[in-house]
Amino acid sequence: MAVDRLAVIGIGLIGGSFALAAKERRLVRHVVGVARSQHTRDAALECGAADEVTDDAATAVRGADLVYISAPVGATEPIMRAIAPHLSSDTLVTDAGSTKVSVMAHANALLAGHCVFIGGHPVAGSEQSGPSAATADLFIDRTYILTSAPDTPADRLDWLRKFIAGIGARVIICDADQHDQLVAATSHLPHLLAAALSGALADLAPRSGDLRLFSGTGLRDTTRVAAGPSDVWRDIFLDNRDNIRPPLEAFRARIDAFLQAMADADGDALCALLDEAREFREGLNDQ
Ligand code: NAP
């Protein structure tokens, strides 16, 4: 199960955590981390996620048994294009991107014949970024989705499933289309709403005074993810925009229903909206 050389391209929060988790469980012997900036590369060495760093993905993947692409999803295509000629047919390449349809299409176009590619998405993370925020236990008891192609060798998929389970995650294998539709509602919409809420409060602040003095844990909880890196989330919103639209419309309908109930001073309607919301929220605690 242990791999000799793991190349992590985009060694930030997720890639750094993957490396730390695999190292801690002795699933990997040597990690080479790739990032564009010296600052990120230094941080990856300092936190122990990488044993060696470079800004050149092609150099990193030479001789690698496992390649983990964990840069913003918009960088996936150029990264795959750059590494393809340097991969061996035995190399298993996977990724951590929050969208899967475009990633699988790029892999099919650019990596087929060069390696085995299996898409991945850890449903784990935080609003922090960079390797200094990485932790070895990020994936414990978290869902980790894998997306394979019809021609993915069953033994390689099984190997990756066991490797991911080895870092503590619960693996789900699903179709890329289904993945992108579901996470549009469960992950991308909440992030967009947290960003919109934070932005709206920033708009109100000049008129209302220092809102921070009047803010408590509720506001911090509902806006926490808005502190995430904008390059990562820009790429997700652009890539999955068609799937984000329907849940966003559903959200808008809820806002309209609240506005209408308040305009009508309709307490029963407000209670019905709040009860439905509470029931769904309580169900999340069972996960
Ligand atoms: P992050 O902490 O910002 O890490 C991304 C790293 O990629 C950065 O350290 C950056 O360093 C490097 N990078 C950016 N462009 C690159 C390129 N072209 N080539 C090589 N390295 C590059 O972001 P993250 O949260 O780990 O997210 C990484 C991926 O995981 C994204 O695809 C995201 O969708 C996915 N994901 C994130 C979460 C989450 O909650 N954060 C959860 C699941 C999946 P330099 O700027 O120095 O290059």
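Modeller: Domain bounds come from an automatic or database domain assignment. This is a predicted model, in which local features need pLDDT of at least 70 and side-chain atom pairs count only at pLDDT 80 or more, while totals for chains, interfaces and linings use all residues. Residues are numbered from 1 along each chain as its sequence is written, and side-chain values use heavy atoms, with hydrogens and water left out.

Biologist: Happy to start there! What distance separates the centres of domain 1 and domain 2?

Modeller: The assignment gives domain 1 as residues 3-174 and domain 2 as residues 179-284. Taken over C-alpha atoms, their centres are separated by 31 Å.

Biologist: And what area is buried between domain 1 and domain 2?

Modeller: The contact (heavy atoms within 4.5 Å) takes 16 residues from domain 1 and 15 from domain 2. Buried area is the accessible area, with a 1.4 Å probe, that two parts lose on being put together, summed over both. Carbon and sulfur atoms give 63% of the total, which is about 1,200 Å².

Biologist: Which three residues supply more than any other three of the area that domain 1 buries against domain 2?

Modeller: Together they supply 43% of what domain 1 buries against domain 2. The trio is Pro-72, Thr-99 and Glu-127.

Biologist: Now to the ligand, my favourite part. How many residues surround the ligand?

Modeller: A residue counts as near if one of its heavy atoms lies within 4 Å. Among the closest are Arg-36 and Ser-37. By class, the shell has 15 nonpolar, 12 polar and one charged residues, where Ala, Val, Leu, Ile, Met, Phe, Trp, Tyr, Cys and Pro count as nonpolar, Asp, Glu, Lys and Arg as charged, and the others, Gly among them, as polar. The number surrounding the ligand is 28.

Biologist: Which residue has a polar side-chain atom 2.6 Å from an oxygen atom of the ligand?

Modeller: Ser-98 places a polar side-chain atom 2.7 Å from a ligand oxygen, and Gly-130 has a backbone N or O atom 2.7 Å from a ligand oxygen. The residue with a polar side-chain atom at 2.6 Å is Thr-40.

Biologist: Where does Thr-40 lie?

Modeller: Not counting residues up to four places away in sequence, Thr-40 touches Ile-11, Ala-35 and Pro-131. Thr-40 and Asp-137 are 97 residues apart in sequence and 20 Å apart in space, C-alpha to C-alpha. Helices are DSSP runs (H or I, at least four residues) and strands likewise (E, at least two), numbered from the N terminus. Thr-40 sits within residues 38-46, helix α2.

Definitions and conventions:
Polar contact = N/O pair within 3.5 Å; in protein donor to acceptor, adjacent residues only side chain to side chain.
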